[in-house]
Structure formats: structure tokens, C-alpha cells
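Please find below a short briefing, arranged by topic, to be read alongside the sequence and the coordinates.

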Amino acid sequence: MIMKQLTNEQFENFASKFTDKSFYQTPEYAFIMNKQKFDSIFLGLFDNDKIIAASIFLIEKRSNFKYAYAPKGFLIDYTDYELVKTFTNEVKKTLGKMDIIAVKLNPMVIRNKYDQNGEIIYTNPNYEQIFNMLKSNSYYHLGYNNEFE
């Protein structure tokens, strides 16, 4: 498997077939953020000639350090431990060559869904496995997003 920079078209084609996606993982969002002084890069992990995981990374320079942000996380199957591990390692290598010192993401992994009365109506059966897998790949948990989304 190899990590490559993607064109807008390659990224859009992959993202359009991905079921769990967000507006934040689109070239249009990257263009908006470019106007806010963020650079952006589209990276994809290839298995032969097929993209199997991808993400937009927004790059910000603060105090002579560069940071990257993958809004709403990667477009990846979070239940595939080996894929997440490989993608993470390739992201570190690729962005490290660009002098980026840290990557932040907030993946769209739902823990629970609630009704209007605050009662749980759905619990993700894979949540704990995904959460622990991300931690085992050196990601830090900085708290839950409890916003209305």
C-alpha cells in the first residue's frame, strides 16, 4: 500500500462512494478554508490502483510550527484495525516530510443517538473497539462533541 496526494477529482470520486461522509471532507470545504489562510492537501492510501482510505488535511502554521487537521476524521472503515494503523502510519510519514508536527481529527464515530427526551435510542456496537483502536494508534481523546449536529 502506498500513500499519494490526490487530485480534487480523485478525492471527489472516492468520497462520493463513501457512505459515512461529511461536507467537511469535500474539496469545496478545503477551498473555503484556503480563504481562511489554511493550506490543504488531499491524501489517499492506494492498494494497487484502488483508493481504500483518504482524507483532506487542512494545514495551519502557528508560531513557526505546522499543524494539520482532518475535519470530521478520515474517510476510512474505522472497524478495520490494520487499515487504520497503516493509514495512520502513512499519514505520519507523509505529513512529517512536510514538517507538520501534529494531526488533529474529530472522526464521525457516533457513540449514542438520543431522542428528544434524552433517552438513548441507538448505541454503536463498534464504538468501544474503535475508540480503543484509535488510542492504541497514538491518538489522544480530548473530549466528546456534545453539540447538536
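Helix α3 (residues 81-96) has 16 residues and reaches 22 Å from its first C-alpha to its last, close to the 22 Å expected at 1.5 Å a residue, where the expected span is 1.5 Å times one less than the number of residues. This is a predicted model, in which local features need pLDDT of at least 70 and side-chain atom pairs count only at pLDDT 80 or more, while totals for chains, interfaces and linings use all residues. Residues are numbered from 1 along each chain as its sequence is written, and side-chain values use heavy atoms, with hydrogens and water left out. Helices (H or I, at least four residues) and strands (E, at least two) are DSSP runs, numbered from the N terminus.

**Helix α3 and its surroundings**
- The buried residues of α3 (buried meaning under 20% relative accessible area, exposed over 50% and partly exposed in between, with a 1.4 Å probe and protein chains only) are L83, V84, F87, T88, E90, V91 and L95.
- An α-helix has 3.6 residues a turn, so residues three or four places apart point the same way.
- The buried residues of α3 pack against the strands β1 (2-5), β2 (39-47), β3 (50-62), β4 (65-70) and β5 (100-105), and also against α4 (127-136).
- Leaving aside its neighbours within four places in sequence, L95 is in contact (heavy atoms within 4.5 Å) with I41, L43, F57, A68, I100 and V103.

**The sheet**
- Five strands form an open sheet in the order β1-β2-β3-β4-β5, with mixed pairing, where two strands pair if DSSP finds at least two bridges between them.
- Because β1 and β5 stand at the edges with a single partner strand each, one side of each is left without a neighbour in the sheet.
- From one strand to the next the twist averages 30 degrees, with axes being lines fitted to C-alpha atoms, for helices over the stretch in contact, and angles running from 0 to 180 degrees between N-to-C directions.
- The pairing of β3 with β4 is antiparallel over five bridges, and L58 stands opposite Y69 in β4.
- Helix α1 lies across β1, β2 and β3, and runs at about 120 degrees to β3.

**Nonpolar cores**
- In the largest nonpolar core (a set of buried Ala, Val, Leu, Ile, Met, Phe, Trp, Tyr and Cys residues joined through side-chain atoms within 4.5 Å), which has 26 residues, F57, F74, I76, Y78, F87, L95 and L134 touch the most other members.
- The elements giving two or more residues to this core are β2, β3, β4, α3, β5 and α4.
- A second, separate core of 16 residues includes F11, A30, F42 and L58.
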